[in-house]
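Thanks for coming. I have one structure to go through today, so let me put it on the screen.

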Amino acid sequence: MASRGMTQTAFFVLVALTDEPRHGYGIVQEVDALSDGRVQLRIGTLYGVLDRLAEDELIELDREEAHQGRLRRYYRLTDAGEAALSEEAERMAEGARTAARRVAGRRGSPGKQSPVHGTVRPGLAGGGA
């Protein structure tokens with residue numbers, strides 16, 4: 001999976017699998033905790049994402065266990081999945097750094113209100129006075 005095409009859901013599923021193999025419900029719970037409830041996975045969505053991640057060889061089946069008469073499939077992150085997750089995390093971090101620089105630059109723009117310094121008046125060479 002190209003990192004540009006990674007969805008937020010796929011990202012959180014990969015993150016959920018970084019520390020240990022998990023079954024579907026365990027992934028849903030971990031994604032909920034990791035995202036502070038912002039990403040709510042439905043079971044149908046989860047298994048579609050798991051199928052795509054497995055097809056792209058970013059995760060693989062770890063084991064199957066019977067639990068209360070039902071079969072649980074545990075998935076684990078592959079080396080390719082770890083690399084894709086790391087690449088996506090770096091891409092997102094770079095995006096956040098760019099946004100922070102632009103917001104800081106906007107606050108320093110002439111005529112913009114700064115929450116710390118109030119209105120910035122234009123100075124020499126376009127800088128604030």
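Which residues of H2 are buried? They are Gly24, Gly26, Ile27, Val28 and Val31. Before I go on, keep in mind that this is a predicted model. As for what lies over those buried residues of H2, the cover includes helix H1, which spans 8-16, together with E1, H3 and E3. Directly after H2 comes Asp36, with a positive phi of about 55°.

Now the overall layout. The protein chain has four helices and five strands. Read from the N terminus, the order of elements is α-β-α-α-β-β-α-β-β. The chain has 129 residues, and 28% of them count as buried. If you take the contacts with a separation of 6 or more, 40% of them are between residues 24 or more positions apart.

Next, strand E1, which covers residues 22-23 and includes Arg22. Is Arg22 buried or exposed? Its relative accessible area is 12%, and buried means under 20%, so Arg22 counts as buried. Setting aside neighbours within four places in sequence, Arg22 is in contact with Ala16, Leu17, Ile27, Glu30, Arg73, Tyr74 and Tyr75. One name there, Ile27, was also among the buried residues of H2.

Arg22 has two acidic partners to look at. With Asp19, the side chains meet in a salt bridge at 2.9 Å, N to O. The pair is also listed as a side-chain to side-chain polar contact, at 2.9 Å. With Glu30, the side chains of the pair form a salt bridge at 3.6 Å, N to O. How do the partners sit with respect to the surface? Asp19 is exposed, at 51% relative accessibility. Glu30 is partly exposed, at 21%. Arg22 itself is buried, as I said, at 12%.

The other residue to look at in strand E1 is His23. His23 is buried, with a relative accessibility of 12%. Which side chain does the side chain of His23 meet in a polar contact? That of Arg72, at 3.3 Å. Leaving out neighbours within four places in sequence, the contacts of His23 are Arg72, Arg73 and Tyr74. Arg73 and Tyr74 also appeared among the contacts of Arg22.

That brings me to the pockets. What is the volume of the largest pocket? About 270 Å³. The residues lining the largest pocket are His23, Gly24, Tyr25, Ile43, Tyr47, His67, Gln68, Arg70, Leu71, Arg72 and Arg73. Three elements each give two or more residues to that lining: helix H2 at 24-34, helix H3 at 43-55 and strand E3 at 70-77. Which of them gives the largest share? E3 does, with four residues. Sorted by class, the lining has four nonpolar, four polar and three charged residues. To connect this with the previous part, both His23 and Arg72 are in the lining, and their side chains make the polar contact I mentioned, at 3.3 Å.

Last, the salt bridges. How many salt bridges are there? The count comes to twelve. You have already seen Asp19 with Arg22 and Arg22 with Glu30. A further one has the side chains of Asp62 and Arg76 at 2.4 Å, N to O. The Asp62 and Arg76 pair links distant parts of the chain, 14 residues apart: Asp62 is in strand E2, residues 59-67, and Arg76 is in strand E3. Asp62 counts as partly exposed, at 25% relative accessibility. Arg76 is partly exposed too, with a relative accessible area of 30%. Which residues are joined into one network with them? Salt bridges with shared partners bring Glu60, Asp62, Arg63, Glu65 and Arg76 together in one network.

To go back over the main items: the buried residues of H2 are covered by elements including H1, E1, H3 and E3. Arg22 forms salt bridges with Asp19 and with Glu30. E3 gives four residues to the lining of the largest pocket, and Arg76 of E3 pairs with Asp62 of E2. I will stop there and take questions.

Definitions and conventions
Residues numbered from 1 in each chain as written. Predicted model: local features only at pLDDT ≥ 70, side-chain atom pairs only at ≥ 80, totals over all residues. Heavy atoms only, no water. Buried < 20%, exposed > 50% of the residue type's maximum accessible area, 1.4 Å probe, protein only. Polar contact = N/O pair within 3.5 Å; in protein donor to acceptor, adjacent residues only side chain to side chain. Contact = heavy atoms within 4.5 Å. 1 Å grid on protein atoms, 1.4 Å probe; cavity = no way out; pocket = protein on both sides within 12 Å on 5 of 7 lines; lining within 4 Å. Points joined across faces, edges and corners; volume = space filled by probe spheres on them. Nonpolar A, V, L, I, M, F, W, Y, C, P; charged D, E, K, R; others polar. Salt bridge = Lys/Arg side-chain N within 4 Å of Asp/Glu carboxyl O.
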